[in-house]
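Please look over the sequence and the model shown here before reading on. The briefing below is meant to be read with the structure open beside it, one topic at a time.

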Amino acid sequence: MSELTVGCHLSTSRGYAAMADDAVSIGATTFAFFTRNPRGGNARELDADDVAAFLATCAGHGMGPLVAHAPYTMNLCSAKPETVEFARRAMREDLGRMEALPGNYYNFHPGSHVKQGTDEGIRLICEGLNEVLEPGQRTVVLLETMAGKGTEVGRSFEELARIIDGVAHDELLGVCLDTCHVADAGYDIVHDLDGVLDEFDCVIGLDRLRALHLNDSKNPLGSHKDRHERIGQGTLGLATFQAVVTSPRLAGLPMVLETPQDGLSGWAAEIALLRQLATGEEVA
C-alpha cells in the first residue's frame with residue numbers, strides 16, 4: 001500500500017511558511033487551511049516570499065495535495081441575494097489566490113437552502129459555480145458531503161450528483177467525503193464501508209472522490225447532527241478508521257483530520273495513530 005497521505009486543519013495566522021513548518025513538525029503529509037477567516041470577511045493579501053517558502057517546504061517534504069477550505073459563512077444558495085453575492089465573490093477571489101498554490105483542492109460546504117427547497121438550493125449552487133469556475137484553472141473545487149443538519153444541501157450522494165450534473169465545467173469538480181458527516185447523514189460506514197463506496201461509485205463515480213475529512217462522530221448513525229469527535233472516541237470507532245486507511249479504493253487520497261484538539265500535539269498523536277492503523281496492526 002502507498003504511504004498514507006494524512007494531516008489536519010492548520011492555521012494561517014502566522015503565515016503560509018509557518019503553517020507548512022507546523023505540518024512537518026507533526027508528521028503531516030497533507031493539510032487543510034481556511035482561505036480567509038472562517039466566519040467570512042476579506043482575505044489577506046498573499047506575500048510572495050511567504051508563499052515561495054511555503055511551496056519550497058511542501059515540495060521538499062513531499063506534501064500531497066492540500067485541501068483549502070472556504071469560510072463557513074459562504075452560502076451559494078442563501079435566500080438573501082447579498083449573501084449569495086458574497087459567496088460568489090469570495091469563491092472567485094479564493095480561486096484566484098489558489099492559482100499561487102497550483103494543483104491543490106478548494107473544499108466548500110454546498111450551502112443551506114433556508115426553506116427555499118432543495119431544488120432551488122441546487123439551482124442556485126449550480127448557477128454560482130457556473131459563474132465562478134474558469135476553464136483552465138489549476139484548482140479542483142470539492143463539494144463536501146454534509147450531515148443533513150437543518151436545510152443543508154449535499155446530505156445525499158444524489159444531491160451532490162445533481163450539482164455536478166448542473167455545472168458546465170464539471171471537470172473542475174470533485175467530492176470530499178467527511179466520515180462524521182456521511183455517518184450522521186445515514187450512510188453506515190461502520191458496518192459496510194465498501195457498500196457505501198459502491199453506492200458513491202454508482203451515483204457519483206469514485207473518480208470524483210478526491211479527499212476525505214477524517215472525523216469520529218459524537219452522535220449515532222443518521223442523527224443529522226454534525227458533531228465531530230476524536231478518532232476512536234466516538235460512535236464510528238477505531239475499526240472504521242482502520243478500514244478507511246487500509247482501503248485500496250481510498251489509497252493515495254489526502255485525508256485531513258478536523259477533530260477537536262487543544263493543539264498540535266493532539267493532531268500529531270492522531271496522525272501517528274492513523275499511520276499505525278494503516279499497517280493493519282491492532283490498536284488497543
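What follows is a short guide, grouped by topic, to the sheet, its helices, the cavities and the annotated residues.

The model is a predicted one. Its strands include an open sheet of 8 strands, paired in parallel, and the UniProt record marks residues as "binding site" in an unreviewed entry, among them His-181 and His-69.

**The sheet**

- Reading across the open sheet, the 8 strands come in the order S1-S10-S7-S6-S5-S4-S3-S2, and the pairing is parallel.
- The edges are formed by strand S1 (6-8) and strand S2 (32-34), each of which has a single partner strand, so that one side of each is left without a neighbour in the sheet.
- From one strand to the next, the twist averages 30 degrees.
- Strand S3 (residues 67-69) pairs with strand S4 (residues 105-108) in the parallel sense over 3 bridges, and within this pairing Val-67 has Tyr-105 of S4 as its bridge partner.
- S4 also runs parallel to S5, to which it is joined by 4 bridges, and here Phe-108 stands opposite Leu-143 in S5.

**Strand S5 and its two faces**

- In a regular strand, the side chains alternate between the two faces of the sheet.
- In S5, Val-140, Leu-142 and Glu-144 point one way, whereas Val-141 and Leu-143 point the other way, and all of them are buried.
- S5 is accordingly described as mostly covered, with 5 of its 5 residues buried.

**Helices against the sheet**

- Helix H3 (residues 81-98) lies across S2, S3, S4 and strand S5 (140-144), and its direction is at about 160 degrees to S4.
- Helix H9 (residues 264-278) also packs on the sheet, where it touches S1, strand S7 (209-214) and strand S10 (255-257), and its direction makes about 160 degrees with that of S1.
- Helix H5 (residues 157-165) contains Ile-163, a residue that counts as buried because its relative accessible area is 0%, where buried means under 20%.
- Leaving out residues up to four places away in sequence, Ile-163 touches Pro-110, Ile-122, Ile-125, Cys-126, Leu-129, Leu-143 and Val-153.
- Ile-163 and Glu-127 are 36 residues apart in sequence, and their C-alpha atoms are 9.6 Å apart in space.

**Cavities**

- The structure holds 4 cavities of 30 Å³ or more, and the largest cavity has a volume of about 50 Å³.
- The residues that line the largest cavity are His-69, Ala-70, Pro-71, Tyr-72, Met-74, Phe-108 and His-109.

**Annotated residues His-69, His-109 and Glu-144**

- The unreviewed UniProt entry lists His-69, His-109 and Glu-144 under "binding site".
- Although these residues are spread over 76 residues of sequence, they cluster in space, with a largest C-alpha distance of 10.0 Å.
- Of these residues, His-69 and His-109 are included in the lining of the largest cavity.
- His-69 is found in strand S3, and at 1% relative accessibility this residue counts as buried.
- Beyond four places in sequence, the residues that His-69 touches include His-109, Glu-144, His-213 and Glu-258.
- His-109 lies in the loop between S4 and helix H4 (118-132), and apart from residues up to four places away in sequence, His-109 touches His-69, Tyr-72, Met-74, Glu-144 and Met-146.

**Annotated residues His-181, Asp-226 and His-228**

- A "binding site" annotation in the unreviewed UniProt entry covers His-181, Asp-226 and His-228.
- These residues are spread over 48 residues of sequence, yet they cluster in space, the largest C-alpha distance being 8.6 Å.
- The lining of the largest pocket includes His-181, Asp-226 and His-228.
- His-181 lies in helix H6 (residues 179-184) and is buried, with a relative accessible area of 2%.
- Leaving aside neighbours within four places in sequence, His-181 is in contact with Glu-144, Thr-145, Met-146, Ala-147, Asp-226 and His-228.
- Asp-226 has its place in the loop between strand S8 (216-217) and strand S9 (228-229), and Asp-226 is buried, with a relative accessible area of 17%.
- Again leaving aside neighbours within four places in sequence, Asp-226 is in contact with Ala-147, Lys-149, Cys-180, His-181 and Asp-184.

Conventions: Residues numbered from 1 in each chain as written. Predicted model: local features only at pLDDT ≥ 70, side-chain atom pairs only at ≥ 80, totals over all residues. Heavy atoms only, no water. UniProt positions renumbered as here; feature names shortened; annotations may be inferred. 1 Å grid on protein atoms, 1.4 Å probe; cavity = no way out; pocket = protein on both sides within 12 Å on 5 of 7 lines; lining within 4 Å. Buried < 20%, exposed > 50% of the residue type's maximum accessible area, 1.4 Å probe, protein only. Contact = heavy atoms within 4.5 Å. Pairing = 2+ DSSP bridges. Axes fitted to C-alpha atoms, helices over the stretch in contact; angles between N-to-C directions. Points joined across faces, edges and corners; volume = space filled by probe spheres on them.
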